[in-house]
2 protein chains.
Amino acid sequence: MTSADISNFPFEVPAFWQEEITAELQEAINEHNTDVSSLLRYHMGWEDASGQPKLETTGKLLRPKLCLLACQATGGNIQQVLPAAAALEFIHNFSLIHDDIEDNSQERHHRATVWKLWGKAQAINAGDAMFSIAHIEVLKLQHAGISARKTLSAAGMLSKACLNLCEGQHMDISYEARSDVTTQDYLNMITKKTAALLATATALGAYLGAVEDKDGRITDRFYRFGEYLGLAFQIRDDILGIWGDERQTGKPVGADIKKKKKTLPVLYALEKSSVINSKEFKEIHSRKLLEGSEVTKIIGMLDKVNARKYTQEKVEYYSHQALAQLEATGIQAAKLAPLEEITHSLVGRDY
Amino acid sequence: MTSADISNFPFEVPAFWQEEITAELQEAINEHNTDVSSLLRYHMGWEDASGQPKLETTGKLLRPKLCLLACQATGGNIQQVLPAAAALEFIHNFSLIHDDIEDNSQERHHRATVWKLWGKAQAINAGDAMFSIAHIEVLKLQHAGISARKTLSAAGMLSKACLNLCEGQHMDISYEARSDVTTQDYLNMITKKTAALLATATALGAYLGAVEDKDGRITDRFYRFGEYLGLAFQIRDDILGIWGDERQTGKPVGADIKKKKKTLPVLYALEKSSVINSKEFKEIHSRKLLEGSEVTKIIGMLDKVNARKYTQEKVEYYSHQALAQLEATGIQAAKLAPLEEITHSLVGRDY
């Protein structure tokens, strides 16, 4: 299945509030300390499988950082918004624990996945526990100086994002068995599966941060900024999964072709049946395991229809749309600069 | 794994507000109508696997009914509390969808389980969607005349119950591989896995229903009522799973012995090693598949240590505790009568 895997991404998310976010996340898990917590701490990269603390953190905390950056840009107080930022990270991680089971992935961040170590039953349940903690966490906004009414709206935005995530994941799984998936189907899917949570991250930061946003205009712009950013981010991941430099991505060239992922370049090529021999393309793509020579052949076909160029143009289009939404907020350019910087970092600095 | 399966239970939950609750549940799922909704409607018993409507409803809606009965007993307005009642039913059903995957159960209510029809990946995700809908649903209290502050507390109680459920499920799964589980371990497990959600159902009904409960005394009593009721209910299910009448339970005598479930009677017998030959008991119990003659032998050992009597006494003890909590609320007996009736119905009318 398709999901932008940050660990393999050739960018660094700046260390904004890394410590504050991590402390909030750790406290949220540790305050309900039971046997299931060990699985969660392992997944988050804070402990090894035997429960020994690890010093490095593995998560880039992209969603909480986007939330806090949006809060800062709209003039909000970071401390008050930390519970929303942490809840977003828990939602992201609950979905990773479940995705790894659904995809049968044995490793994540070069470590065994939760299900690989504890079995699928315990891993499904650990994901559910993480999901529960996310919902407990977001309600803490009310004790951090956010009004009850705003806390309720924030909880609602978070739950709606979760449902979008599930709807997108349902599409993604069902696409695996379908041979008629279009590029538009794919864009609809990643809008829900990837972009909705990034959009909710930036929208929540603005909603909780902005003192004046009576008609919801600022929140809406920040939602659309995050949504476009999410689309650009996911589509760039599709490019890197096929043509990426192994030294940067940690994955060999053609990795996603070998896994037969229905990413945007592949779906685009399938639509260009007049240019390539789509019967042959489909036939190769339908094989159970792809050989190196077949991977090369598929990439050759993608190149023939300029699938890379098409996909790169989509990244640029959505990146520009994202930046245009930011500008349309009317907020001073200096305040928006960190969000522009992170946008460039996520989608590549070369344009 | 152990979980009271109401479909096989020889009792009828009265049809209190069956239509109102069902309408609320259906609206909540249908308002986010996507492809994943079909799996949820199938699971709820409203549609067959091809999406055709079914006329009968299968769920007994125990948790929402307990919630509304508690609301009524404390003088609340049923209409206002319906979103909490529906959210409880969604939480229960999300856990059933995931439990069926975790237990590898192919059937529920004599129908194929969601994972059996759509595969495990889609079923994990469908459970997650149901979980998300539960959290969206509980927030609707604020639009039904409940204050923002109370809506937030209700959402918090629900999320805490979810986390308890996961902690209990973690224990239950880990007990399968352990040979040293005690009756006390078991009681701790079912307190979280079964009793916490029933307790939250009655507590939520009282919390939202009671006009005057400034120190939380009424809510607390109702929580403990539901908790004791849940313990009695689960333990009676353990008795029925071994000694139940097939005509009533739909399961053959000894069904839970055959499945080698670590239920209370079995764990009690294991603790009575001075009376039975516990080495032989453990040896038989450790076999992969139990023959009919072995099931009879195990039941004979349980009878030798009076495990049924011990377990029945636990049911009676917790039932009496439940009723004592109700009485201690100081609410008029006439108002409590429906809750007493449902308690007798759930744990057997014979005492």
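Helices, as named in these legends, are DSSP runs of H or I at least four residues long, numbered from the N terminus. The model shown is predicted.

**Figure 1. Lys260(A) sits in the loop between α11 and α12 of chain A.** The flanking helices cover residues 255–258 (α11) and 264–271 (α12). Lys260(A) is not a glycine, yet its phi is positive, near 60 degrees. Most residues other than glycine have a negative phi. Lys260(A) has 18 C-beta neighbours inside 10 Å, so it counts as partly exposed. The cut-off for a buried residue is 20 or more.

**Figure 2. Asn306(B) occupies the loop between α14 and α15 of chain B.** Helix α14 spans 292–304 and α15 spans 307–328. The phi of Asn306(B) is positive, about 55 degrees, although this residue is not a glycine. Asn306(B) is partly exposed, because 16 other C-beta atoms lie within 10 Å.

**Figure 3. Tyr310(A) belongs to helix α15 of chain A.** This helix runs over residues 307–328. Tyr310(A) has 17 C-beta neighbours inside 10 Å and therefore counts as partly exposed. Ala269(A) is 41 residues away from Tyr310(A) along the chain. In space, the C-alpha atoms of Tyr310(A) and Ala269(A) are separated by 9.9 Å.

**Figure 4. Helix α8 of chain A is kinked at Ala195(A).** The helix takes in residues 183–209, 27 in number. From first C-alpha to last it reaches 36 Å, close to the 39 Å expected at 1.5 Å a residue. The kink in α8(A), centred on Ala195(A), is about 50 degrees. Helix α8(A) is mostly covered, with 22 of its 27 residues buried.

**Figure 5. Chain A is built from 16 helices and 2 strands.** Its C-alpha atoms fill a box of roughly 60 × 50 × 35 Å along the principal axes. A compact globule of 351 residues would have a radius of gyration near 20 Å, and the 20 Å of chain A agrees with that. Of the 351 residues, 53% count as buried. Consider the contacts in chain A with a separation of 6 or more: 72% of them join residues 24 or more positions apart.

**Figure 6. Chain B meets chain A through 36 residues on each side.** On the chain B side, four helices each supply at least two residues: α2 (35–44), α4 (78–102), α6 (120–138) and α7 (148–176). Helix α7(B) gives the largest share, 16 residues. By type, the residues of chain B that touch chain A divide into 16 nonpolar, 14 polar and 6 charged. Of the interface residues of chain B, 100% are also interface residues in chain A, so the copies meet through the same surface.

**Figure 7. A turn of 180 degrees lays chain B on chain A.** The RMSD of this superposition is 0.0 Å, and the shift along the axis is 0.0 Å. The two copies are thus related as by a two-fold rotation axis. Within chain B, the C-alpha nearest the axis belongs to Ala148(B), at 2.9 Å.

Note on methods:
Residues numbered from 1 in each chain as written. Chains lettered and ligands numbered in written order. Predicted model: local features only at pLDDT ≥ 70, side-chain atom pairs only at ≥ 80, totals over all residues. Expected span 1.5 Å × (residues − 1). Bend = angle between axes of the 7 residues up to and from the residue. Buried ≥ 20, exposed ≤ 12 C-beta atoms within 10 Å, placed from the backbone. Rg over C-alpha atoms; globule rule 2.2 N^0.38 Å. Contact = placed C-beta atoms within 7 Å. Nonpolar A, V, L, I, M, F, W, Y, C, P; charged D, E, K, R; others polar. Least-squares fit on C-alpha atoms with pLDDT ≥ 70 in both.
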